[in-house]
Amino acid sequence: MADPSMYHAMGGAAQDPSNPHSQHPPQQAYPPGAAPQQPGALYGNQSPYGQPSPTQWPAYASPQQQHPGPSPDAVYNAAPQAPMGPPGDPNMAGLASQMGGLGIATDTGARTHRKKHRHAHHDIGTGSAASAQGFASGMPMGGTQPASQFLSTGLNQDTRPVAPLAALQPGQPAPGMAARPGMTSQPGMAGGAGSVATQGRIDPEHIPSIPRSRDVPAQYYFNNVYPTMDRHLPPPASIPFVAYDQGNSSPKYARLTLNNIPSTSEFLSSTGLPLGMVLQPLARLDPGEQPIPVLDFGDVGPPRCRRCRTYINPFMSFRAGGSKFVCNMCTFPNDTPPEYFAPLDPSGARVDRMQRPELMMGTVEFLVPKEYWNKEPVGLQTLFLIDVSRDSVNRGFLKGVCEGIMEALYGEDKAADGTEDDEARSRKIPAGSKVGIVTFDKEVQFYNLTATLDQAQMMVMTDLEEPFVPLSEGLFVDPYESKSVITSLLSRIPTLFQHIKNPDPALLPALNAALSALQATGGRVVCSVASLPTWGPGHLSVREDPKIHGTDAERKLFTTDNPAWKKTADKLAEAGVGVNFFIAAPGGTYMDVATIGHVSGLTGGETFFYPNFHAPRDLLKVQREMAHAVRRDTGYQALMKVRCSNGLQVSSYHGNFVQHTLGADLEIAGVDADKAVGVIFSYDGKLDPKLDAHFQAALLYTSADGQRRVRCINVVAAVNEGGMETMKYVDQDAVVSIIAKEAASKTLDKNLKDIRANISEKTVDIFSGYRKVFSESHPPGQLVLPENLKEFSMYMLSLVKSRAFKGGHEASDRRTHDMRMIRAFGCTELSLYLYPRIIPIHNMQPEDGFPNERGQLQIPPAQRASFSRIEEGGAYLVDNGQAVLLWLHAQVSPNLLEDLFGPGHNSLQELSPNISSLPVLETHLNAQVRNLLHYFSTVRGSKAVTIQLARQGLDGAEYEFARLLLEDRNNEAQSYVDWLVHIHRQINLELAGHRKKDESTSESTLASLSAMRAPYW
């Protein structure tokens, strides 16, 4: 792993400017000198907001020569004035003024090290010349595909873009920073730095910037693929990239915290870093990436190690002329099955290697024989449970859910006549999948959807104590054969229950009825709830009590002690039924998400929660998220096992699943493309530095089209004897994810104050450990940050400020919901959740939001989450992966509003607060912003992109906007600058031997500034 050529990786890989072994100069994003400033659209004549702020970088993929000037239709009453800089940040003088001489440095400096590898016969990088799976023999190249729905976005290209803030050339140090060789950094990022002297005040430009750390590597992956063996440092999780599988799995499926692992536990503990892996086994592929091959070995099944049961993979070596294969996990020599035998060539590789995807690719799927079945596999059966109680009808939620189900099954083509051509063209869920519909209020209503009926037949089940299924057939049908029956029923349900309006829904009996319907096969339940279920067995009551917030008793609100709900959740998980909830809380009413969401948490499902639900504004979001939840790649009746090399063992898992005993397989009733699991490893011996460390995750599941499969994800990492390599190849996104998932798992055992203190302690441990081991030569006045963990402290501050863990009052529903989300987040969604992307749209260049000459969408640079960066008269898109806010300053230009929303909208007061999407206009700005929103929808998790207006001084969403400015003092914690000062002080105390690891001390420091509010408005 330290020398990928030992695996015979292909030579045609993209050149990595960060590779210390590289013999070629790095590719330059810009010519030498400052990147060109470009004129943009100017709105209004009071202030020159069209000119880039001094704090901004030019957009990536922009022309390298000076642009001739803005197009005439993009300039509004522009008067040439001097550009206005950002207002001063009052927070920046905080504690920093006490810390004269504080410097911030990113450290580098270690000799590169090559070592041999025992598996010398693995030609992993080369593609197959004649493979039946159609592997390319080289890197995937960019190709043009049909245009997307919004003008020409370039989003359908094989290589997709992101927004890099690339003011620096790759490898060029930032101003005032002295570059030093040796540290591996992301492509395009400055490789290491010296120190920045600050006399009495920290320059906010010189503290690490998350937007820059995302956007500069994006400039590189904009034009290059990520070869999984040639480079050992994955791209940031929050940017799109095309991975080329060379035998090591793509980072989209698995990310190791350390891609170069210490040989002993003592050295690992001295770094303070966790050794773990974040697995997202069904993650989506980007256009241009190789599809996962599905291999069938017949009744004998895939070859496996007889001792440790590891599946065949690219890192197993063959000996004795091919008659034996040596396991890469336990080194046991196995006899090669006769049907799998192939002779070896003179180099020791199998002669059929190129035609064997399981020996070439890090991620493959095997069809498995009957001994791997626990039930006869059938296509995924989805049961829609629809709340038809009074609140659901009155609030408009019922109508939105019915439209969302139609959108999920049929898309825009709801009126097609159902012919075969129509079905093939419009099928949204895999062939073999079936759906059923059940409604519930005080009773549970089943519907016969048989295709031969003129309309659906309702059957009412009134026995809530022992629910049963009153239908023998017709409950589950092919949605395309019964299209007319389903569409007519879904359009009639809202009016059908308009006059009944039972106030109390019986949710638990409805779930038990769904369990009895799916018990034999397993499947999926998609359930809507609009009021607290207060009827029948398992009825719930309001448990929220503001008096216990901040006390140890608050922990009771985060879980359920209702035995009936726990029993049903256990049975659903055992039957292989995953449950997704759509919970609307009109007016912020209490919904006991802790109890209801326990079912989805245990079964591997997801809860979509809409606090303060308002139908005109939120229905589009409900419909899109329901469509996404139904259509995404989903498996059910899943078991997961993670295996690792001798010397390591799995110590814990974190996520939403069932694990009966430590070391047992994870049971996941339903697994989908957006779910991730954290795995933490510990040492049970010493690793051999001459060998690599190997990891294999195996997910046994039934696919939506009814096949029983095993998905194998193989990851390899180098081993070192305590050198700098550990810090050179640390994956920041994986470290943040593991710490966040671990913290979210502790909320039932520890109070929130201790968890926040523990996050702070971990941050100090990691930085002080690095300082002790690698950076003793720096003076104590400097805060020294590892190159690949520069932004780590900001992510930890954001975690402390997140709804799941923040101090102060927070409704238990929202807190519990966020805790469960963090446990299930993949790295991409967590990165955006912890630090939003904020894009100014009032000063975009004319070419922003449109494809360049190569067909690649140009994204304007994001900016830091601080109010000091907000310009007067500005308009900003703020996306945290959960919702997209459009914040409009009180003095925003009327011309901008008309361009964005259409004629007649020239003041904030004339805009409807319920706007959730932009109208399609022919104006330049409107097209730019719609293209940006479409781009947002391609780099996120499970939540839909809809707009929520946050007009300054008018909308309640403005409070959410203020909360998302995470570099400022808010959310009961200090600003980014003061946080760095606090961390630095603790590191110095640790180095001097005076630090007390008393969790309450750290927490009191965190809270010391919480009463001081930043003057936002």
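These legends accompany three close-up views of a predicted model.

**View 1. Helix α4, residues 397-410, and the glycine that follows.** Let's start with the helix. At 1.5 Å a residue, the 14 residues of α4 should span 20 Å, and the end C-alpha atoms are indeed 20 Å apart, so expectation and model agree. The helix is mostly covered, with 12 of its 14 residues buried. Among the buried residues are Phe397, Leu398, Val401, Ile405, Met406, Leu409 and Tyr410; Gly400, Gly404 and Glu407 are also buried. After α4 comes glycine 411, which has a positive phi near 65 degrees.

**View 2. An open sheet of three strands, β9-β10-β11.** The pairing here is antiparallel. Because β9 (317-319) and β11 (333-335) stand at the edges with a single partner strand each, one side of each has no neighbour in the sheet. On average, neighbouring strands of this sheet are turned by 35 degrees against each other, direction ignored. Look next at β10 (residues 324-326), which is joined to β11 by three bridges in the antiparallel sense. Phenylalanine 325 has asparagine 334 of β11 as its bridge partner.

**View 3. An open sheet of four strands, β5-β7-β23-β21.** Antiparallel pairing is found in this sheet too. Its edge strands, β5 (254-256) and β21 (648-654), each pair on one side only. The average turn between neighbouring strands is 25 degrees, direction ignored. For a closer look, follow β5 to β7 (residues 276-279): the two run antiparallel and are joined by three bridges. Arginine 255 finds its bridge partner in valine 278 of β7.

Technical notes
Residues are numbered from 1 along each chain as its sequence is written. This is a predicted model: local features need pLDDT of at least 70, side-chain atom pairs count only at pLDDT 80 or more; totals for chains, interfaces and linings use all residues. Side-chain values use heavy atoms; hydrogens and water are left out. The expected span of a helix is 1.5 Å times one less than its number of residues. Buried means under 20% relative accessible area, exposed over 50%, partly exposed in between (1.4 Å probe, protein chains only). Two strands pair if DSSP finds at least two bridges between them. Axes are lines fitted to C-alpha atoms, for helices over the stretch in contact, and angles run from 0 to 180 degrees between N-to-C directions.
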